[in-house]
Amino acid sequence: MAAPFEPWSNQFWLGTDSLGRDMFTRLVFGARNTIGIALVTTILAFSLGTTAGLAAATFGGWTDQFLSRFVDVLMSIPQLIFALLLLSIFGTSIPALILVIAILDSTRVFRLTRAVAVNVAVLDYVEVARLRGEGAIWIMSREILPNVAPTLIAEFGLRFCFVFLLISGLSFLGLGIQPPTADWGSMVRDSATLITYGDITPLLPAGAIALLSVAINLVVDWFLHRASGLKED
């Protein structure tokens, strides 16, 4: 601990925040919290959305109609406003944050999974599996899922970016990861007043957020290029 808003020095590489805490240390620990929570949330959202999307495409009929209309209702409400409302009701603990955002984001995963799985579910080899007497779980996991996996993996990277930005935005608004836990979004909020004095310290966590988002999108583009079978000229 040091004096508040210490300038950059050999002792404090990126200065200190409003409470005298080392900004560089908090930036490193904030990466673990922000990225870790976003990753867990994205995995949970994909588990829910992919399972529901595959079930809708495999069973069709009333199952498809019920799941699709339920997702339409959830998606009709702006995600950020809905998240703020639910977090205000259920609290801002990390488990509540993960669960709320995962459920809201799983609707996007459901729509994509259903869209690509419906096209696969009507192909001949899936019909052969049905005639063989294979169960629904076998068809979803062994016939449909492997053939839509590249699209879902690419979407995983994009959804991670959206979840990561949403969590950072909620933390900036005070309803995300709560102090004293280090988080990039709350670090921007806590040091925002330094911009008035020409200090670029608040831009460091903001730049880290932007850099990670761009890097993940580049990786997703590279993976899509490799999965498509295209070769470099």
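**Exercise 1. Warm-up on one ring**

Is F70 buried, partly exposed or exposed?

*Solution.* Start with the ground rules. The model is predicted, with local features needing pLDDT of at least 70, side-chain atom pairs counting only at pLDDT 80 or more, and totals for chains, interfaces and linings using all residues. Residues are numbered from 1 along each chain as its sequence is written, and side-chain values use heavy atoms, with hydrogens and water left out.

Next, the cut-offs: buried means under 20% relative accessible area, exposed means over 50%, and partly exposed lies in between (1.4 Å probe, protein chains only). F70 has a relative accessibility of 47%, so it counts as partly exposed.

**Exercise 2. The overall fold**

Describe the secondary structure and extent of the protein chain.

*Solution.* Step one is to count elements. Helices (H or I, at least four residues) and strands (E, at least two) are DSSP runs, numbered from the N terminus. The protein chain has eight helices and zero strands.

Step two is extent: the C-alpha trace spans about 75 × 50 × 25 Å along its principal axes. Of the 233 residues, 41% are buried.

Step three is contacts, meaning heavy atoms within 4.5 Å. Among contacts with a separation of 6 or more, 66% join residues 24 or more positions apart.

**Exercise 3. Annotation against model**

Compare the UniProt transmembrane regions with the helices of the model.

*Solution.* UniProt, in an unreviewed entry, places "transmembrane region" at residues 35-60, 80-104, 156-177 and 203-224. The positions are in the numbering used here, feature names are shortened, and annotations may be inferred rather than shown by experiment.

Take residues 35-60: this span is 96% helix and 0% strand, with its end C-alpha atoms 36 Å apart. Residues 203-224 are 100% helix and 0% strand, and there the end C-alpha atoms lie 31 Å apart.

The unreviewed entry also places "domain: ABC transmembrane type-1" at residues 31-224. That span is 82% helix and 0% strand, and its end C-alpha atoms are 26 Å apart.

**Exercise 4. Helix α1 and its end**

Find how the reach of α1 relates to its expected span.

*Solution.* The expected span of a helix is 1.5 Å times one less than its number of residues. Helix α1 (residues 23-59) has 37 residues and an expected span of 54 Å; from first C-alpha to last, α1 reaches 53 Å, close to that value. Just after α1 comes G60, with a positive phi of about 65°.

**Exercise 5. The two sides of α2**

Which residues of α2 are buried, and how are they arranged around the helix axis?

*Solution.* First, the size: α2 has 15 residues and reaches 21 Å, close to the 21 Å expected. Its buried residues are D64, S68, V71 and L74. Seen down the axis, they fall within an arc of 120° (taken from the directions from the helix axis to the C-beta atoms), so they line one face of α2.

This buried set packs against α1, α3 (79-90) and α4 (94-121). The face turned away carries the exposed residues G61, W62, F66 and V73.

**Exercise 6. Aromatic pairs**

How many aromatic pairs are there?

*Solution.* Rings of Phe, Tyr and Trp (its six-membered ring) pair if their centres lie within 6.5 Å; planes under 30 degrees apart count as stacked, over 60 as edge-to-face and the rest as tilted. By this rule there are four aromatic pairs.

One of them is F46 with F156, edge-to-face at 5.2 Å centre to centre and 65° between the planes. This pair links distant parts of the chain, as F46 sits in α1 and F156 in α6 (residues 136-173), 110 residues apart. F46 is buried at 9% relative accessibility, whereas F156 is partly exposed at 26%.

Another is F66 with F70: their centres are 6.5 Å apart and their planes at 10°, so this pair is stacked. Both rings belong to α2 (residues 61-75), four residues apart, about one turn of the helix. Finally, ring pairs link F160, F164 and W184 into a cluster.

**Exercise 7. The nonpolar cores**

Which helix gives the most residues to the largest nonpolar core?

*Solution.* A nonpolar core is a set of buried Ala, Val, Leu, Ile, Met, Phe, Trp, Tyr and Cys residues joined through side-chain atoms within 4.5 Å. The largest has 31 residues, and those with the most contacts inside it are L97, I101, I167, L170 and W184. Helices α1, α3, α4, α6, α7 (184-190) and α8 (203-227) each supply at least two residues of this core. The most come from α6, with eight residues.

Apart from this core lies another, of 16 residues, including A55, V109, I144 and V148.
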